[in-house]
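User: Hello! I'd like a close look at one part of this model, followed by a walk through its surroundings.

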Amino acid sequence: MRIFVSNGLYQMVIIWVFWQTSKFTHFKKRDMPTGILTAEHIHHTTGLSTCRSFRTNLQWKYVMRHYFITGVSSGIGAALVSALSPHAKITGVARRRDRLDALAKENDNFHPIAADVTDPKAMQSAVNDAIKTSGSIDVAILNAGIYTPQDGSKIEPAVFQQHMDVNYMGVINALAPIVADMTDKKQGHIAITSSVAGWRGLPKSAAYGPTKAALISLAESLYFDLFPKGIKLQVICPGFVESEATAINDFEMPDLLTSKQAATHILNGLEGDDFIVDFPKSFTRKMKFLKYLPDRLFFKFVARQTGYKKQS
Ligand SMILES: NC(=O)c1ccc[n+]([C@@H]2O[C@H](COP(=O)([O-])OP(=O)(O)OC[C@H]3O[C@@H](n4cnc5c(N)ncnc54)[C@H](OP(=O)(O)O)[C@@H]3O)[C@@H](O)[C@H]2O)c1
């Protein structure tokens, strides 16, 4: 009888500890810097009161996250700054000082840093400056990128090198100091902007596409090291978005989004648990289909869709 009672008690204690731990774990998971948490989220996850004074404190503590974003002087990066500015502290990196200053005038809580992502020392000091000014980085969105359409029959190595330097090494140069800091803290959130153009080789993308494919592979590989250290890692794969980068395209871009719409998709995606954040689904579903199409069919299909004909 004594054994039964103590066993029952023991089980109840175990269940109680499990219940408490799972509640805590759930909170910790939701508490990871995955985006903009509202006081309602906090109330939902913790059951804490959202009375006015408490709410204000919580909003400051949990909502005013520090975002470090590269490539903010135009397009998607600039739209991310505008979307986040009322709710977060943002450090934004790009080269064009005038654009950064204009953005700083329009957006509160925005700390601009003029730097080139291809320069590892400049990125190290940008991250140091960001942490010194706005505190430790909660979310890094590594978004800076360039796109120059290439005619694959006239290969210009310098253009390929430039794409690798900005789109790939630019991300590595930012990752080095950010990962070091987040690993120390054992928490953080990193999102790397790739593209659906990284899923398969597309016409005119010979210089751009491989850099975006490399970023996906990089993120997959890093995931194994960073996830156990409490760092959330995601890859952003947009379809076509209206920006300076795509303004040079001379073809009709299907399912084209505005930069503002792209920013909304990204911020929603960062709140979720998907490793790949792709959008708009109306376009990326078709791209996923191409991704798994056998080579022969893929080349035929894309050539027909994009007007590429067999040379005589
Ligand atoms: N638009 C699309 O359809 C699309 C689709 C898929 C993926 N993406 C990706 O989304 C990201 C943003 O592109 P976007 O469409 O918004 O193009 P965008 O308007 O041309 O913006 C590119 C940003 O990157 C910055 N940048 C370029 N080179 C840099 C360097 N060396 N150092 C620091 N910053 C640099 C630019 O600023 P500065 O020139 O002032 O330095 C600019 O702020 C890119 O990675 C792009 O590949 C775009």
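Where does proline 280 lie?

Analyst: Happy to help! Proline 280 lies in the loop between β7 (276-279) and α10 (281-291). Helices and strands here are DSSP runs numbered from the N terminus, with H or I over at least four residues for a helix and E over at least two for a strand. The peptide bond that leads from phenylalanine 279 into proline 280 is cis, and its omega is near -10°. As a general background, most peptide bonds are trans, and most residues other than glycine have a negative phi.

Two notes on reading the model. It is a predicted one, in which local features need pLDDT of at least 70 and side-chain atom pairs count only at pLDDT 80 or more, while totals for chains, interfaces and linings use all residues. Residue numbers start from 1 along each chain as its sequence is written.

Now for the setting of that loop. The protein chain has 11 helices and seven strands. Of its 312 residues, 36% are buried; a residue counts as buried if 20 or more other C-beta atoms, placed from the backbone, lie within 10 Å of its own, as exposed if 12 or fewer do, and as partly exposed in between. Among the contacts in the protein chain with a separation of 6 or more, 60% join residues 24 or more positions apart, a contact being a pair of C-beta atoms, placed from the backbone, within 7 Å.

Backbone angles also deserve attention at two lysines. Lysine 186 has a positive phi, near 60°, although it is a residue other than glycine. This lysine 186 is in the loop between α7 and β5 (188-193), and it counts as exposed because it has 10 C-beta neighbours inside 10 Å. Lysine 204 also has a positive phi, near 70°. Its place is the loop between β5 and α8 (209-226), where lysine 204 is partly exposed, with 19 other C-beta atoms within 10 Å.

From there, let's go to the strands. All six of the six residues of β2 are buried, so this strand is largely enclosed by the rest of the structure. Both of its faces are covered, with Lys89, Thr91 and Val93 buried on one side and Ile90, Gly92 and Ala94 on the other. β2 pairs with β1 in the parallel sense over five bridges (strands pair if DSSP finds at least two bridges between them). Phenylalanine 68 stands opposite threonine 91 of β2.

Helix α6 packs against both of these strands: its buried residues meet β1 (66-70), β2 (89-94), β3 (110-114) and α7 (157-185). The helix covers residues 120-134, 15 residues in total, and reaches 21 Å from its first C-alpha to its last, close to the 21 Å expected at 1.5 Å a residue; that expected span is 1.5 Å times one less than the number of residues. Met123, Ala126, Val127, Ala130 and Ser134 are the buried residues of α6. Seen down the axis of α6, they fall within an arc of 95°, so they line one face of the helix; the arc is taken from the directions from the helix axis to the C-beta atoms. Lys121, Asn128 and Lys132 are exposed on the other side of α6. After α6 comes glycine 135, with a positive phi near 85°.

Alanine 144 is the next stop, in the loop between β4 (139-142) and α7. Alanine 144 is buried, with 25 other C-beta atoms within 10 Å. Leaving out residues up to four places away in sequence, it touches Thr70, Gly71, Ala94, Val117, Val166 and Gly170. Of these partners, glycine 170 is 26 residues away from alanine 144 in sequence but 7.5 Å away in space, C-alpha to C-alpha.

Finally, the ligand. Of the 32 residues around it, Gly71, Gly75, Arg95, Gly145 and Ser243 come nearest; a residue belongs here if its C-beta atom, placed from the backbone, lies within 6 Å. The elements that give two or more residues to this shell are α4 (75-84), β2 and α7, and α4 gives the largest share, three residues. By class, the shell holds 13 nonpolar, 14 polar and five charged residues, where Ala, Val, Leu, Ile, Met, Phe, Trp, Tyr, Cys and Pro count as nonpolar, Asp, Glu, Lys and Arg as charged, and the others, Gly among them, as polar.

Key. Contact = placed C-beta atoms within 7 Å.
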